[in-house]
Amino acid sequence: MSESERDTLISAEENRDMFDRIAKNYDVANRAISMGMDKGWRRKTIGLLKPFRAGRYLDIGTGTGDLVFEILDQSGNVLIDGIDPAEQMLEIARDKAEKRQVGDTVSFLVADALDLPMESDTYDGIVSGFCFRNIERRQKALAEMMRVLKPGGMLVILEATYPANALVRLGYKLYRPLVPLIGKLLGGGSAYKYLMDSIEDFPRPETVTDMFGAAGFSGVQYKSLTFGTVCIFSGKK
Ligand SMILES: C[S@@+](CC[C@H](N)C(=O)[O-])C[C@H]1O[C@@H](n2cnc3c(N)ncnc32)[C@H](O)[C@@H]1O
């Protein structure tokens with residue numbers, strides 16, 4: 001089945017509207033659904049990005065900005081742009097930046113991964129968390145990431161994945177009905193049913209690394225976390 005035939009993929013506009021709708025409670029829902037584990041996953045993701053030298057970094061589908069702030073926590077001397085089509089998510093990210101008084105270091109812009117408004121060879125590193133799965137044309141998004149990375153720059157993508165192990169899948173299936181329930185309690189409605197459907201629909205990690213390779217990334221690898229329910233993909237331009 002081709003990407004465009006899969007019925008859990010929704011249009012960019014539907015995606016934006018959905019995230020705008022759930023923005024207010026997104027962080028709380030995230031913590032609850034991941035049972036607090038998302039913080040550790042973000043730490044590991046930015047650990048692979050290694051933003052240790054002074055440079056410029058981009059977070060694609062930044063949402064409420066948690067990966068941007070994790071970069072800041074791990075490295076003092078960087079400039080970071082976070083992009084996302086969902087204005088309400090970005091508003092929360094901007095509030096956090098204001099509270100942390102990092103407005104001169106980070107900027108949050110409305111933009112789409114498929115058409116980045118940046119010059120080629122701009123960034124030392126790109127990161128993206130739980131966004132790639134939502135993108136309709138993923139190969140095109142990877143081509144855009146490749147374009148705006150500087151030669152030698154690193155791409156690191158954190159994504160929820162459907163576990164391969166049968167026993168873990170059983171646990172996952174038992175946990176699954178709780179997610180839309182948590183979403184409903186937090187006013188998220190159908191968004192959290194979509195979340196679970198889209199994870200099951202997302203390609204196997206090996207297919208994702210093939211896509212990185214097809215976009216021209218080298219040294220491509222993935223690291224499975226939490227029994228294969230999450231993966232960190234990485235590659236170099
Ligand atoms: C599940 S949230 C993840 C937010 C944040 N990265 C995090 O780790 O919590 C997915 C985000 O991807 C954004 N998104 C969806 N499609 C996108 C696209 N085509 N380009 C950029 N961002 C997109 C959504 O608006 C949403 O804010």
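Visitor: Which helices each supply at least two residues of the shell around the ligand?

Guide: Those are α1 (12-22) and α4 (66-74). Keep in mind that we're looking at a predicted model. The largest share of the shell, 4 residues, comes from α1.

Visitor: Which residues of the shell come nearest to the ligand?

Guide: G61, G63, A113, G129 and C131 do, out of the 23 residues around the ligand. By class, the shell has 12 nonpolar, 7 polar and 4 charged residues.

Visitor: Over to the helix pairs. Why are α2 and α8 called roughly antiparallel?

Guide: Helix α2 (residues 26-33) packs on helix α8 (residues 178-185) at an angle of about 155°. The label applies to angles over 145 degrees, so α2 and α8 count as roughly antiparallel to each other. Their axes are 10 Å apart, and the crossing of α2 with α8 is right-handed.

Visitor: Which residues make that contact?

Guide: On the α2 side you'll find A29, A32 and I33, and on the α8 side V179, I182 and G183. They are in contact because their C-beta atoms, placed from the backbone, lie within 7 Å.

Visitor: What makes the polar count 1 in the contact of α2 with α8?

Guide: That's G183, because Gly is counted among the polar residues here. The full split is 5 nonpolar, 1 polar and no charged.

Visitor: And α8 with α9, why does that pair get the roughly antiparallel label?

Guide: α8 and helix α9 (residues 191-201) pack at an angle of about 150°, with their axes 7 Å apart. That makes α8 roughly antiparallel to α9, since the label takes angles over 145 degrees. The crossing of α8 and α9 is right-handed.

Visitor: Which residues of α8 meet α9?

Guide: V179, P180, I182 and G183 do, and from α9 they meet A191, Y192, K193, L195 and M196. V179, I182 and G183 also turn up in the contact of α8 with α2. The contact of α8 with α9 comes out as 7 nonpolar, 1 polar and 1 charged.

Visitor: Why are α6 and α10 called oblique?

Guide: Helix α6 (residues 138-148) and helix α10 (residues 205-214) pack at an angle of about 50°, with axes 9 Å apart. Roughly parallel needs an angle under 35 degrees, and roughly perpendicular runs from 65 to 115. The value fits neither, so α6 and α10 are oblique. The crossing is right-handed here too. R138, Q139 and L142 of α6 make the contact with M211, F212 and A214 of α10. That gives 4 nonpolar, 1 polar and 1 charged residues.

Visitor: Where does α10 lie relative to the strands?

Guide: α10 lies across β6 and β7, running at about 155° to β6.

Visitor: How do you know that β6 and β7 pair?

Guide: Pairing takes at least two bridges between the strands, and strand β6 (residues 218-225) and strand β7 (residues 230-236) have 6, in the antiparallel sense. One spot to check is S218, which stands opposite K236 in β7. β6 and β7 form a hairpin with 4 residues between them, and T226 in the turn has a positive phi of about 45°.

Visitor: What joins strand β5 to β7?

Guide: 7 bridges link strand β5 (residues 149-160) to β7, and the two run antiparallel. The test for pairing is at least two bridges, so β5 and β7 pass it. Look for L155, whose bridge partner in β7 is G235.

Visitor: What makes β3 and β6 edge strands?

Guide: Each pairs on one side only. The open sheet of 7 strands has the order β3-β2-β1-β4-β5-β7-β6, with mixed pairing. β3 covers 106-110. From one strand to the next, the twist averages 15°.

Terms used
Residues numbered from 1 in each chain as written. Predicted model: local features only at pLDDT ≥ 70, side-chain atom pairs only at ≥ 80, totals over all residues. Axes fitted to C-alpha atoms, helices over the stretch in contact; angles between N-to-C directions. Left-handed = near helix turned anticlockwise from the far one by under 90°. Contact = placed C-beta atoms within 7 Å. Near = placed C-beta within 6 Å.
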